[in-house]
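Colleague: I'm new to reading models like this one, and I'd like a close look at a single part. Could you pick one residue and walk me slowly outward from there?

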Amino acid sequence: MKQNWWKLLSIILLLYAIAAGFTVEIPDTNIGDTLRNVFYHVGMWFAMLAIMTSGFISSIKFLSKGKIEDDLKANEAVLVGIFFGLIGIITGMAWATFTWGAPWANDPHLNGAAVSLLVYFAYLVLRSAVPDEEKRARVSAVYNIFAFVLLIVFVGILPRLSTNTLHPGSGDGNPAFGDMDAQMRYVFYPALIGWILLSFWILQLKIRYRKIESYLQEKEMN
């Protein structure tokens with residue numbers, strides 16, 4: 001139980017974020033009650049960035065030590081990261097529909113997020129195209145490092161350099177983070193931690209499943 005305290009913390013924080021997210025008083029802003037989405041949409045992207053960082057580190061470890069387990073961790077991290085990235089885009093499109101009147105706009109934040117996910121989808125295609133396990137792991141590790149750098153550029157750097165953006169918190173758009181008062185922040189930060197912990201919990205389960213699957217396959221072959 002001592003080793004699983006963070007899982008319990010994740011459940012508590014997310015239950016709190018979901019309940020408080022729908023009941024906390026929202027400041028009177030030009031985006032109204034849609035500001036509640038910041039508790040969920042932003043958390044998905046933070047979870048994706050945290051998991052992709054984990055995959056990036058695992059790829060570096062594989063290239064330095066050559067352990068196939070690190071390739072497994074990197075691959076599963078990318079899969080979990082893509083999952084949270086897709087949810088982040090879906091929640092963002094729902095928010096955009098209410099805020100801008102359309103689910104998508106020519107915005108550097110949205111375009112950067114979409115391009116980043118496409119880069120990681122290409123990672124999955126690359127893995128499926130290389131049959132040799134050792135070669136697949138090495139090529140995938142190099143590409144994953146490259147993909148992570150692009151993720152930081154497209155999601156973390158370029159949107160912040162752009163002044164022509166509608167995205168909340170940037171340029172002339174609606175400053176969602178600035179609109180949050182103290183009460184909202186008491187929900188926002190626990191929500192971020194909760195989503196990040198949940199993403200690592202899912203990653204841990206997927207890695208365990210893959211290890212069991214590999215063990216059973218080896219046992220059948222023997």
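Modeller: Let's start with Arg127, which is buried, with a relative accessible area of 11%. Keep in mind that this is a predicted model, so everything here is computed from predicted coordinates.

Why does Arg127 count as buried? The cut-off for buried is under 20% relative accessible area, and Arg127 has 11%.

Now look for its charged partner. Arg127 forms a salt bridge with Asp71, and the closest N and O atoms of the two are 2.8 Å apart. Asp71 sits in helix H3 while Arg127 sits in helix H4, so this pair ties together parts that are 56 residues apart in sequence. Asp71 is buried too, with a relative accessible area of 7%.

Next, the helix around Arg127. H4 covers residues 108-129. H4 has 22 residues and reaches 31 Å from its first C-alpha to its last, close to the 32 Å expected at 1.5 Å a residue. Arg127 has company on the inside: the buried residues of H4 also include His109, Leu110, Gly112, Ser116, Tyr120 and Tyr123. What lies over the buried residues of H4? The cover includes H2, H3 and H5.

Let's take those neighbours in turn, beginning with H2. Helix H2 runs through residues 41-65, which makes 25 residues, and reaches 36 Å from first C-alpha to last, close to the 36 Å expected. Right after H2 comes Gly66, with a positive phi near 75 degrees.

H3 is where Asp71 lives, and there is another salt bridge to find in that helix. The side chains of Lys73 and Glu69 meet at 3.7 Å, N to O. These two are four residues apart in H3, so about one helical turn separates them. Unlike the buried Asp71, Lys73 is partly exposed at 28% relative accessible area, and Glu69 is partly exposed at 34%.

H5 takes you out to the surface. Ile157 lies in this helix, which spans residues 133-161. Ile157 counts as partly exposed because its relative accessibility is 40%. Together with Ile152, Leu158 and Leu161, Ile157 forms a nonpolar patch on the surface, and the four have about 360 Å² of accessible area together.

Now turn back inward. In soluble globular proteins, nonpolar side chains tend to be buried together. Here, the largest nonpolar core has 46 residues, and the members that touch the most others are Val38, Phe39, Met52 and Tyr120. You've met Tyr120 already, among the buried residues of H4. H1, H2, H3, H4, H5 and H7 each supply at least two residues of this core. To see how one member is surrounded, click on Val38: leaving out residues up to four places away in sequence, Val38 touches Gly43, Trp95, Met180, Met184 and Phe188.

Trp95 also leads you to a loop. Thr34 lies in the loop between H1 and H2, and Thr34 touches Trp95, Phe98 and Thr99, again not counting residues up to four places away in sequence. Thr34 and Phe98 are 64 residues apart along the chain, yet their C-alpha atoms are separated by 7.2 Å.

One more set of charges is worth a look. Glu76, Lys206, Arg210 and Glu213 are linked in a network of salt bridges. Within that network, Glu213 and Arg210 pair up, with their closest N and O atoms 3.7 Å apart. They are three residues apart in helix H7, so about one helical turn lies between them. Glu213 counts as partly exposed at 30% relative accessibility, and Arg210 counts as partly exposed at 26%. A search of the whole structure finds seven salt bridges, including the Arg127 and Asp71 pair we began with.

Finally, zoom out. The chain has seven helices and zero strands, and its C-alpha trace spans about 65 × 45 × 25 Å along the principal axes. Of its 222 residues, 45% count as buried, and Arg127 is one of the buried ones. Among contacts between residues at least 6 apart in sequence, 76% join residues at least 24 apart. The salt bridge between Asp71 and Arg127 joins parts 56 residues apart.

Notes:
Residues numbered from 1 in each chain as written. Predicted model: local features only at pLDDT ≥ 70, side-chain atom pairs only at ≥ 80, totals over all residues. Heavy atoms only, no water. Patch = residues over 30% accessible without salt bridge, like charges linked within 9 Å, V, L, I, M, F, W, Y side chains within 5 Å. Areas by Shrake-Rupley, 256 points an atom, 1.4 Å probe, with all protein chains shown as cover. Buried < 20%, exposed > 50% of the residue type's maximum accessible area, 1.4 Å probe, protein only. Expected span 1.5 Å × (residues − 1). Core = buried A, V, L, I, M, F, W, Y, C linked by side-chain atoms within 4.5 Å. Contact = heavy atoms within 4.5 Å.
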